[in-house]
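Q: Could we go through this structure together? I would like to begin with a single residue and then work outward.

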Amino acid sequence: MLPDDPRLGVLREGINVGPYFARAKRVDWVSSGDRCAELRVTLDEGRHRQIRRMCRTVKLPLRRLHRLSIGPVTVAGLDLG
């Protein structure tokens with residue numbers, strides 16, 4: 001995947017995923033390797049499995065999903081568990 005992949009634009013513009021319309025506030029291409037890419041997706045409001053459903057809809061395989069923050073709380077200030 002490259003930074004100009006049209007699927008990233010679709011995630012930014014929004015798509016129908018099941019019963020609702022989902023749009024990412026921001027989608028940033030971070031890096032890519034031989035077989036995968038790292039993206040940073042920012043949402044205004046996250047619904048149940050929204051990022052997973054959005055990626056599946058645009059045929060973008062999702063290997064791992066890691067939440068960095070919820071509102072003002074970030075993982076940097078949290079203990080494990």
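A: Certainly; please note that the model is predicted. Lys59 has a relative accessibility of 65%, which is over the 50% cut-off, so this residue counts as exposed.

Q: Where does Lys59 lie?

A: Lys59 is found in the loop between α2 and β5 (69-70). It follows α2, and its phi is positive, near 60 degrees.

Q: What is notable about a positive phi?

A: Most residues other than glycine have a negative phi. Lys59 is not a glycine, yet its phi is about 60 degrees.

Q: And what is the phi of Arg49?

A: Arg49 also has a positive phi, of about 55 degrees, although it is not a glycine. This residue sits in the loop between β4 and α2.

Q: Turning to α2, which of its residues are buried?

A: In helix α2 (residues 50-57), the buried residues are Gln50, Ile51, Met54 and Cys55. Viewed down the helix axis, they fall within an arc of 125 degrees, so they line one face of α2.

Q: Why would that spacing put residues on one side?

A: An α-helix has 3.6 residues a turn, so residues three or four places apart point the same way.

Q: What covers the buried residues of α2?

A: The cover includes α1 (6-13), β1 (15-17), β2 (20-22) and β4 (37-42).

Q: Which residues touch the most other members of the largest nonpolar core?

A: They are Leu11, Ile15, Val17 and Met54, in a core of 13 residues. Two or more residues each come from α1, β1, β2 and α2. The largest share, three residues, is supplied by α2.

Q: What does Ile15 touch, leaving aside residues up to four places away in sequence?

A: Ile15 touches Val10, Tyr20, Phe21, Ala22, Met54, Thr57 and Val58.

Q: On aromatic rings, how many aromatic pairs are there?

A: The count of aromatic pairs is zero.

Q: What lies over the face of Tyr20, then?

A: Arg47 does, at 4.7 Å from the ring centre.

Q: Now the whole protein: in what order do the elements run?

A: There are two helices and six strands, and from the N terminus on they run α-β-β-β-β-α-β-β.

Q: What are the overall figures?

A: The protein has 81 residues, of which 21% count as buried. Its C-alpha atoms fill a box of roughly 35 × 35 × 20 Å along the principal axes. About 6,600 Å² is exposed, with carbon and sulfur atoms supplying 49% of that area.

How values were computed:
Residues numbered from 1 in each chain as written. Predicted model: local features only at pLDDT ≥ 70, side-chain atom pairs only at ≥ 80, totals over all residues. Heavy atoms only, no water. Phe/Tyr/Trp six-rings, centres within 6.5 Å; stacked < 30°, edge-to-face > 60°. Lys NZ or Arg CZ within 6 Å of the ring centre and 35° of its normal. Buried < 20%, exposed > 50% of the residue type's maximum accessible area, 1.4 Å probe, protein only. Helix = DSSP H or I, 4+ residues; strand = E, 2+ residues; numbered from the N terminus. Arc of directions from axis to C-beta. Contact = heavy atoms within 4.5 Å. Core = buried A, V, L, I, M, F, W, Y, C linked by side-chain atoms within 4.5 Å. Areas by Shrake-Rupley, 256 points an atom, 1.4 Å probe, with all protein chains shown as cover.
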